[in-house]
Amino acid sequence: EVSMQVPADYVNPATGTCQNVQDVLTPVQLSRWKKAQASDTPVEVVTLDEAQAREKNPEQQRTATWRFKADNVRDFAWGASRKFVWDAMSQPIEGKPVMCMSYYPKEAYALYSRYSTKVVAHTLRVYSKHTIPYPYPVAISVEASSGMEYPMIAFNYGRTEPDGTYSSRTKHGMISVVIHEVGHNFFPMIVNSDERQWTWMDEGLNTFVQFLAEQEFDNNYPSVRGPAHKIIDYMSMPPNQLEPIMTNSENLVQFGSNAYAKPATALNILRET
C-alpha cells in the first residue's frame, strides 16, 4: 500500500490499483474512467487538450494524494507528470476484467493513442492463452526513453516526429517494446524466477512469447527474434565465442544473442518442428 503526494495537476500511474480515483480526478474525468471500465476500446480519461492546458499553466499551490494497493508483487514502480494523457479500456481474462492503460505526453500521442493500450490488451490475451492467466487487475504502459518492466507497469519508448508522423521502424519498435515489457509481468514477475541468475528464464521465455504475440498481431510482423534464420550469424561464430544458455547472467559476453534470441529460437523450433 503506497500513498504519494504530488502537485494537484499531475497524473500518477503506479503498480497496483488506485484506491481513491474519485479524489484525484475531476467529475468529467471520473465519468470517462467509469466508461473505460466497460469499454473494449481505449477511452481518454485525461485528454490531450487537458494535458496541454496543464503543461501551459502548471499548478503551483495545491497537491493531491494518490493511494495504491497491490497484492502478490515483487516490486513497485510509478510515474508522475502533468503532461500525461491517460487512456484505458477493459480486457477480460478468464472472465475477470483487467484495466489496460497507457500514459503518454503529446510528443508520443499519434503513436500511443493509436496502439499502446490495444497492444497491452493484445499482449495479455496472447500470453494468457499460451502460458498462465494474467492474475493482476491492472496492466500499464508508460511512454519513456527506453524499455523497463515492473509489476503491472512498464516503461516503453516511441515518440513521433515533431509533426506527428513516424516511420514503420519506430512504430514496430514501439509495439515490440510494449509487448516485451508488458510480457515481463509473466516472466519473471508472476513466476518469480531469479532473472539475475538465469536470464534465459526471464528474457528468453519472454522473447519467445513476444514473438508469438507479434505474429498474432500481424502475420507479416517484422519480428527481430524468434525465427531460426535470425540467429545464423551468431550461431556461426567460433565455438569458443559461444556460451551455453545456462550461463550466469553476469558472465555472458553476447548477452542479447544468448539470453534473448537463442532460447526464444530454440523454443520456437521445438514448437514448430
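This report describes a sheet and the helix packing in a predicted model.

## The sheet

Six strands form an open sheet with mixed pairing, and their order across the sheet is 3-5-6-7-9-8. Strand 3 (43-46) and strand 8 (148-150) are the edge strands, each of them pairing on one side only. From one strand to the next, the twist averages 20°.

Within this sheet, strand 7 (residues 138-143) pairs with strand 9 (residues 153-156) in the parallel sense, the pairing extending over 4 bridges. Val 142 stands opposite Phe 155, a residue of strand 9.

## A helix across the strands

Helix 2 (residues 27-36) lies across strand 3, strand 5 (85-93) and strand 6 (96-104), and its direction is at about 150° to that of strand 3. Of these strands, strand 3 is an edge strand of the sheet.

## The contact of helix 7 with helix 9

Helix 7 (residues 199-217) and helix 9 (residues 255-272) have axes that come within 8 Å and cross at roughly 55°. Because angles that are neither under 35 degrees, nor over 145, nor from 65 to 115 count as oblique, helix 7 and helix 9 are oblique to each other. Their crossing is right-handed.

On the side of helix 7, the residues that meet helix 9 include Trp 200, Leu 205, Phe 208, Phe 211 and Leu 212, together with Glu 203 and Gly 204. Among the residues that helix 9 brings to this contact are Phe 255, Tyr 260, Pro 263, Leu 267, Asn 268 and Arg 271. Taken together, the residues of the contact of helix 7 with helix 9 divide into 11 nonpolar, 4 polar and 2 charged.

Notes. Residues are numbered from 1 along each chain as its sequence is written. This is a predicted model: local features need pLDDT of at least 70, side-chain atom pairs count only at pLDDT 80 or more; totals for chains, interfaces and linings use all residues. Side-chain values use heavy atoms; hydrogens and water are left out. Two strands pair if DSSP finds at least two bridges between them. Helices (H or I, at least four residues) and strands (E, at least two) are DSSP runs, numbered from the N terminus. Axes are lines fitted to C-alpha atoms, for helices over the stretch in contact, and angles run from 0 to 180 degrees between N-to-C directions. Contact means heavy atoms within 4.5 Å. A crossing is left-handed if the near helix is turned anticlockwise from the far one by less than a right angle, and right-handed if clockwise. Ala, Val, Leu, Ile, Met, Phe, Trp, Tyr, Cys and Pro count as nonpolar, Asp, Glu, Lys and Arg as charged, and the others, Gly among them, as polar.
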